[in-house]
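Me: Please pick one part of this structure and walk me through it slowly. After that, I would like to see how it sits among its surroundings.

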Number of protein chains: 2
Amino acid sequence: MSRFPETKSAQKLQKLASRPIDLSQEGSLTPKRIAEMRLSMPGFDLLYGTERVTSEVMDALYELAEEMQALRKMAAMQAGEILNRIEGVESENRSVLHTAMRDQFEEKQSAPVAEEASAMAKRELQKLEGFLSKLEKEGRFTDVIQIGIGGSDLGPRALYMALQAFSRPHRRAHFISNVDPDDANAVLDSVDLKKTLVVVVSKSGSTLETLTNEEFARARFHKMGLDPKEHFIAVTGEKSPMDDPSRYLASFYMWDFVGGRYSATSMVGAVMLGFTLGYSGFSEVLKGAHAMDQHALTAKPRENLPLTAALLGIWNRNFLHLPTVAIIPYSQALIRFPAHLQQLDMESNGKRIDKEGSPVPFSTGPVIWGEPGTNGQHSFYQLIHQGTDPIPLEFIGFRKSQHPTDLQVHSTFSQEKLLSNLFAQSIALAAGQASSNPNKFFPGNRPNRILLADRLDPFTAGALLAYYEHKVAFQGFIWNINSFDQEGVQLGKVLALKILELFKAKRTKEAPASFPLGEAYLKILNEKR
Amino acid sequence: MSRFPETKSAQKLQKLASRPIDLSQEGSLTPKRIAEMRLSMPGFDLLYGTERVTSEVMDALYELAEEMQALRKMAAMQAGEILNRIEGVESENRSVLHTAMRDQFEEKQSAPVAEEASAMAKRELQKLEGFLSKLEKEGRFTDVIQIGIGGSDLGPRALYMALQAFSRPHRRAHFISNVDPDDANAVLDSVDLKKTLVVVVSKSGSTLETLTNEEFARARFHKMGLDPKEHFIAVTGEKSPMDDPSRYLASFYMWDFVGGRYSATSMVGAVMLGFTLGYSGFSEVLKGAHAMDQHALTAKPRENLPLTAALLGIWNRNFLHLPTVAIIPYSQALIRFPAHLQQLDMESNGKRIDKEGSPVPFSTGPVIWGEPGTNGQHSFYQLIHQGTDPIPLEFIGFRKSQHPTDLQVHSTFSQEKLLSNLFAQSIALAAGQASSNPNKFFPGNRPNRILLADRLDPFTAGALLAYYEHKVAFQGFIWNINSFDQEGVQLGKVLALKILELFKAKRTKEAPASFPLGEAYLKILNEKR
C-alpha cells in the first residue's frame, strides 16, 4: 500500500489545492450547490456546500479513501483485528473494539474476536441492569460522583451534560477529575454523602489522580461516619489493584481493547449514565452509537457521513494547510462535548510516526477546540471572520430543542433564533462581504460544514459520539498512523514522579512543603542532564 | 513610526529565527538559564527559560517594544487617548479605559479624561456598596442569575468560578448566556426564584440573546406570582432601552469606553461578584487588577511581566510561525478562564487591517484554547508532545491551594502533585527525550512558560485578569492594530435577522416552525446573490 502523499489521488488533490474554489466569488455559492452537497442518514444531515471543495475534489478524496483502504480498515477494526500496533517496535498490540460495547441489538454473524468482546460487554451490562434495579428498590441514592480522568471523565461528563434534560427526577451526577484538592473539596461539599454513590474509574487501577481523589473521598466518608464500602463502585480492569470486591459495593470491568477516549459507552460511562438516565435511557445511547457504527461500516463511501467528514478534514488539513478545527455546537447542552472531542481527536491523531515507525512527512491531527454557539459569536468569531488565518469550522445543530418549553420573544422562538444564527454564520463565513470600509470587509472563504440532527436525545447523543469516533479513526486510517495508543503522555508522568520525590524529601512536618521555586525544577534538570 | 516588519529589530529577529535555540540539545536547558530567565513582581513569577529564546532574541524583542512604542501606547491608553480608532474610515473613535474602573485606591495625578472615568466608576461603586448593604439587612436573596453574553458572561463567570472558594456562605451565582432555550430552562429550574436576583447586562440594551433570555426569565417570575421589579437589576449604558428604572430593582451604568471583553471589573462583573464575594471581596479583585495596571504602566520593559509575555508571544507567532497558543492553568477553579481569554485575545487581536486601514502583511492574534492541567495531560497532551506541529503553552500555577483541606496520599499532598506535574511538563516539552523506539521519542522544543502565583485569591485573580488584558493590548500595540473594536461580529448578526424573518413568515400557528431545511438557507443565499 502506498503512503498517503504518494497516492495518485493525493497528487491530484495537491494540484486541485493550488486553486481551490473561491466561495466569496459571485455565483459560486448557489442554492444548487447547497442542495447537492448534502449527505443524509436517518436522523442526520451533513451539509458541506460551504467547504472549499468541488465535485472534482470530492472525487479525488473518495479515491484517496479507496487507495488507503479506509473502509477495509474500518471493517478490520470492528472485527477485532490488532490495529493498535506499530510494526517492528514494542507497542500495545491490541484489538480496538469499542464498537463491540454497543453491538448488542441484533443477531448477526460477526468475527469471533468481536463476538467475544460483545459477549463480555453483555455480561457487564446485565450485571449493571441488575445492580441498578436493586438500587431502585432500595431508593438510597440520589447522587453519583464519578472519579476518573481523561477518557474516564471527558466522554461520560460530556454525555451527562448533553442529556441532563433526560435525567430521572432527583438524580444528579458530579465529577472529580483533577488532582487539584480544590476540585475534590468543592464537589464533596456540594452533596449529601449519605445518599451519594461514588464510581471510581481506572483501567490500570493505578492512575495517580484517580487514586488520590478516591482516598480523598473515602476520608470524607469516614469522617462522616459512613462506610465507603456501602457507596463506592469500581470500574477497572480484571486483576488490577482496584479489582478488590472487599472494598466496593460493586465492581464492573473494562478491557484493554477499549481505549480510554473511546470508552464512554463501556462501563466507564455506563454506571453513571445508567444511574442518572435509567438503564433504558442508557440503552438508547448504545443503540444510537451502534446505528452509527453500522453506518460507518456499511454505507458506501459517498453516502458515508463520518468518512466524508474525515475526508473534508484531510482536505483542509493537508491540502489547504489549516492547522486547527473549531467545533461549535449550537446547543448549550453540548458545552463539554468539544472538550471530549479534543481528547478523542488530538490524543488519537496527534502522532508523528506511521504504523511502520517512520516519521510522517505531512501534518496529522489538528488542534481541536470549540465552545457552544451563539456564545462564540460574541467571543472569538471576530478572529474567525476577520483574523489573518482561516479556521475551519464544524457546526452541530438541532432542529428541535430538548425542553418542550420555548417562548416567543419579538415573535420568534429561541430555537428559531439559534438555528437562524447557525445558518447565517455558515453563509457569512463562506461568502464574506465586500465593503469600501476595510474594517467592514469580510474576506470569506472560511470553510465550514453543518451536521444537523433532529433533537439532542439519548439515541442522537450516542450516534453523535460514534460519528466523531469514526471520523477520527478514518483519518488515522488514511494517514496510516496508529490512532489508538498514547505514548506521548508517558514522559511527563515519569518526570512528575521524580519531582514529587523531591517534595517528599524536603518536607519535614505534616504540612505541604512550600514550593521551593527553582529548586525542584533545577534539580530535575540536573538529573536529566 | 515604522510598521512592525520594517523595524530594525524585526529584521534582526527574522535572522535569529532562522536558527532558534534547540532546547532538546544536551547542555542548553541549564539551571543557570532557568534561574536567569525569570521575571518577578509581588505575587507573580514569570519563568520563561523553556521558551526558544536567547538573550540576543530578548534584546531584539525589547528593542521591538521600544521601536513600536509599546509602553508609550500603554500610557496613552490608561490616560484615555482615543485608541479605539482606525484612521480615515468610520470607526468607534473611543477611549479605552477599563483601567479607570479600578483606579480607586490612591491619590495621584492622572489625565483628566481618565480621572473623569474613574470618578464615574466610583459613583457606581458607591451605589453598589449601598445597594448591597441594603440587601444584606433585608436578607431576602441567596442566589443571583447573571444574564449576559460574550464579555457580559465570560469574564464575570470565569472570575466567579475562580473565586467560589471565597464566596460568602449560601450565596451562589448562575449564568444564562446562550439563546438556547434549554440553557435558560435548566438554570431557572435549579434555583428558588423567590430568593433570586437577576442581573441583566447589555451595554446597548438591545442584545438579542440577552433580551430574549430576560423575557424568558421574567415570564417565569410572573408564572410563579413574583414581581420581576423586585428581583431584576439592569447593568446597561445610560439612555439605552434598558435604562428604565420603572422595570428594575436597581440600575447600574457601563460606558462605551470599556469594551465588553475588558468589562469584568466594571459593573458588568461588580454586581454579581459583589453579591457573592461581598463588597470587600470584590474590592480585592479591583485592587489586584489595579496593581497589575500600575505594573504594566510603570515597570521598565525588562521587568514588565505582561510586556515580556506579549513579546514572547510575538516571537512564537511571527518569527517561529506557530498559529495557536494553549493556556493551561494548573487549577480546576480556573476551568472557565481559558474561555474568557479566548474572547479577550481573539476578539481583540483577530484583525487583518492596521490602524491606518491597510491589510497587514503578517499574522496577528493566534487561536487561544486550553483546559486545566492535570486534566489536559490525560487528553490532548499526546499531540502537544508528539504531534507534527508545535503548540506554545502558557502554564499558570499556584504555590498553595485555595482550600485549607489537603490530604496526604502516598506521602504527598495533592497540591504538591499538581505542581510536580506542572514543572515536569514544562521540562518534558522543552527538553524532549531520545529513544531508539520511534514511538517513545519526544522531539522537544515545544516552547512554554510558567506564570507562577502564590494562591488564587480575589487579589491574585484581579491581577491575573489584568495581566492578560495588558499582554493582549501590548501585542496589539506592537502589531499596530486596533485591539478594541469587533466589526467582525456584525455580518453574522445581520444575516441571522434575515433568516429569522423567514421563520416568522413561514410559521402560521403558535408553535416553533419545523426547520425548513435548505429553504431558509437557500433563500438567504438567493437574496445575497
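Reply: Happy to; let's begin with a single residue pair, B:Asp45, which stands opposite B:Leu452 in β13(B). Before going further, a word on the source: this is a predicted model, in which local features need pLDDT of at least 70 and side-chain atom pairs count only at pLDDT 80 or more, while totals for chains, interfaces and linings use all residues. Residues are numbered from 1 along each chain as its sequence is written, and chains are lettered from A and ligands numbered from 1 in the order in which they are written.

The strand names come from DSSP runs: helices are H or I over at least four residues, strands are E over at least two, and both are numbered from the N terminus. Two strands count as paired if DSSP finds at least two bridges between them. By that test, β2 (residues 44-47) and β13 (residues 448-453) of chain B pair in the antiparallel sense over four bridges. Further along, B:Leu47 faces B:Ile450 in β13(B).

On the other side, β2(B) pairs with β1(B), again antiparallel and over four bridges. Here B:Leu39 is opposite B:Leu46 in β2(B). The hairpin that joins β1(B) and β2(B) has two residues between the strands, and in it B:Gly43 takes a positive phi near 90°.

Now step back to the whole sheet. It is open, with six strands of chain B in the order β1-β2-β13-β10-β8-β9 and mixed pairing. Because β1 (38-41) and β9 (367-369) of chain B stand at the edges, each with a single partner strand, one side of each has no neighbour in the sheet. Direction ignored, neighbouring strands of this sheet are turned by 15° against each other on average. Helix α11 (residues 305-319) of chain B packs on the sheet and touches β1, β2, β8 (324-329) and β13 of chain B. Its direction makes about 20° with that of β2(B). For such angles, axes are lines fitted to C-alpha atoms (for helices over the stretch in contact), and the angles run from 0 to 180 degrees between N-to-C directions.

One of the strands at the edge also leads to a backbone detail. B:Thr374 lies in the loop between β9 and α13 (381-386) of chain B, and a cis peptide bond with omega of about 0° joins B:Gly373 to B:Thr374. In chain A, a cis bond joins A:Gly373 and A:Thr374, with omega about 5°; A:Thr374 is in the loop between β9 (367-369) and α13 (381-386) of chain A. As background, most residues other than glycine have a negative phi, and most peptide bonds are trans.

Another backbone detail of chain B is B:His170, whose phi is near 60°, a positive value in a residue other than glycine. This histidine is in the loop between α6 (154-162) and β4 (172-176) of chain B. B:His170 is exposed because 8 other C-beta atoms lie within 10 Å. The cut-offs are 20 or more other C-beta atoms within 10 Å for buried, 12 or fewer for exposed, and partly exposed in between, with C-beta atoms placed from the backbone.

Finally, the partner chain. Two residues are in contact if their C-beta atoms, placed from the backbone, lie within 7 Å, and the contact between the chains takes 125 residues from chain B and 125 residues from chain A. On the side of chain B that touches chain A, the largest share, 14 residues, comes from helix α14 (residues 414-431) of chain B. That side of chain B has 57 nonpolar, 47 polar and 21 charged residues. Here Ala, Val, Leu, Ile, Met, Phe, Trp, Tyr, Cys and Pro count as nonpolar, Asp, Glu, Lys and Arg as charged, and the others, Gly among them, as polar.

Chain A itself holds 17 helices and 13 strands. Of its 529 residues, 59% count as buried. One of these is A:Val144, which counts as buried because 25 C-beta neighbours lie inside 10 Å; the residue belongs to strand β3 (residues 143-147) of chain A.
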